[in-house]
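The following report describes a single protein chain, beginning with one part of its fold and then turning to the chain as a whole. Please read it alongside the sequence and the coordinates.

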Amino acid sequence: MDFTPSEEQAAAQGLAARIFDDLSTHERLLSAGTGTDAGLWKELCTAGLPGAVENIGLLGLVLLLEEQGRTTAQVPLAATCVYGLLAVAEHGTPEQRERLLPALRDGTAVATGALPARGGVRAVDGALYGVVPWVPWLRDATWVLVADADRALWIVETGAPGVTVVPVETTAPWSAGRLGLDGVRGEPLGTGPGACAAVLTASRTAFAGLQAGVCAGSLAWAVRHTTTREQFGRPLSTNQGVLLRAADAHMDTEAIRVTAYEAAWRRDRQLNYEAQALTAAWWASEAGRRVVHAGQHLHGGTGADLDHPVHRHFLWGRQLDAYLGCGAELLEELGLLLAGDRYRSGGTP
């Protein structure tokens with residue numbers, strides 16, 4: 001395996017880093033409140049970064065999301081790319097790709113996903129009924145990818161008859177909403193549960209990459225604080241307890257990053273990567289929570305300031321932990337997957 005970015009991936013990552021560093025500032029995030037930074041989203045789309053994902057692949061998207069996570073930029077990049085661009089490009093019909101992809105590339109359309117399915121939506125003769133308690137970036141979305149109880153995928157326009165969107169405030173400011181469906185005519189995407197499983201696997205990898213960036217940003221703030229704040233005449237970073245806590249956070253962050261890279265790399269080479277995506281999601285959930293707690297803790301009393309940038313990383317890290325799923329649930333799913341693979345290959349069930 002070689003995770004070295006291609007020339008295109010490195011260029012896209014560098015451009016994303018410059019845009020996020022310039023525009024996703026602390027002051028700008030404060031003024032955005034819990035909504036999307038429309039100006040930043042426009043700048044990203046003008047630069048062609050969402051559309052570039054079709055060429056730079058899932059690993060390229062992970063690299064872009066790392067840069068977003070470092071600054072906790074409030075834009076629907078992950079949702080639009082993984083539930084929109086990549087999902088339609090991989091599972092859409094030629095007509096769907098021609099009709100839907102251009103608006104997703106230039107940012108005039110925003111996509112999100114009501115996944116994973118937990119039996120909350122049922123399909124009856126092509127009409128969808130049910131409620132999804134919260135969907136990230138739903139208040140900005142042009143359409144949402146919905147998985148029904150049978151794990152079939154449906155494209156639903158948020159302005160269609162029978163769709164209700166009620167604003168929901170989540171831990172992180174993700175412009176989330178409660179999705180209600182009452183006889184909504186959905187447009188099928190892909191065939192059977194295989195498309196749903198593929199989109200879910202890609203989304204787990206992408207959001208793990210976002211968590212890697214969030215953790216890296218949290219740790220960077222902690223390093224900045226502990227190397228400049230003095231106690232008893234010396235920097236906090238010279239205390240062994242601080243060094244060990246920061247080192248553990250660094251190793252956790254690297255574990256999230258490398259497992260996300262591996263899953264994305266395998267997907268781009270058309271290798272099976274479901275187990276790797278579950279592994280990345282587990283690390284992002286479990287280790288991500290540890291890292292953002294450490295980042296806040298290493299700030300001492302300063303970490304209790306809700307307006308401090310490190311607190312925003314804490315909120316994002318906890319939201320991603322919840323979104324990716326409980327660590328025990330992910331391990332159970334991974335264990336069942338591995339046991340099933342072993343049984344199918346002739347091993348002991």
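How many residues lie between β4 and β5 in the hairpin that they form? There are 5 residues between the two strands, and Arg151 in the turn has a positive phi of about 65 degrees. This is a predicted model, in which local features need pLDDT of at least 70 and side-chain atom pairs count only at pLDDT 80 or more, while totals for chains, interfaces and linings use all residues. Residues are numbered from 1 along each chain as its sequence is written, and side-chain values use heavy atoms, with hydrogens and water left out.

**Strand β4 and its partners**

Helices (H or I, at least four residues) and strands (E, at least two) are DSSP runs, numbered from the N terminus, and two strands are taken to pair if DSSP finds at least two bridges between them. Strand β4 covers residues 143-147 and is mostly covered, with 5 of its 5 residues buried; here buried means under 20% relative accessible area, exposed means over 50%, and partly exposed lies in between (1.4 Å probe, protein chains only). In a regular strand the side chains alternate between the two faces of the sheet. In β4, Trp143, Leu145 and Ala147 point one way and Val144 and Val146 the other way, and all are buried.

Strand β1 (residues 111-114) runs parallel to β4 and is joined to it by 4 bridges, with Thr112 standing opposite Val144. Strand β5 (residues 153-157) runs antiparallel to β4, and 5 bridges join the two; within β5, Ile155 is the bridge partner of Leu145.

The turn of this hairpin also meets a helix: Pro193, found in helix α7 (residues 192-228), touches Asp150 and Arg151, not counting residues up to four places away in sequence, where contact means heavy atoms within 4.5 Å. The C-alpha atoms of Pro193 and Val88 are separated by 15 Å, and these residues are 105 apart along the chain.

**Three residues at helices and loops**

Thr72 and Gln270 have positive phi values, near 50 degrees for Thr72 and about 60 degrees for Gln270, and neither Thr72 nor Gln270 is a glycine. Their accessibilities are listed with that of Pro193.

| Residue | Location | Relative accessibility | Class |
|---|---|---|---|
| Thr72 | loop between α4 (49-71) and α5 (77-91) | 0% | buried |
| Pro193 | helix α7 (residues 192-228) | 47% | partly exposed |
| Gln270 | loop between α8 (240-268) and α9 (274-297) | 77% | exposed |

**The chain as a whole**

The secondary structure of the protein chain comes to 11 helices and 10 strands. Its radius of gyration, taken over C-alpha atoms, is 20 Å, close to the 20 Å that the globule rule gives for 349 residues, so the chain is as compact as a globular protein of that length; the rule is 2.2 Å times the number of residues to the power 0.38. Along its principal axes the C-alpha trace spans about 70 × 55 × 40 Å.

Buried residues make up 52% of the 349 residues, and among contacts between residues at least 6 apart in sequence, 76% join residues at least 24 apart. The accessible surface comes to about 15100 Å², of which 53% belongs to carbon and sulfur atoms, as given by the Shrake-Rupley method with a 1.4 Å probe.
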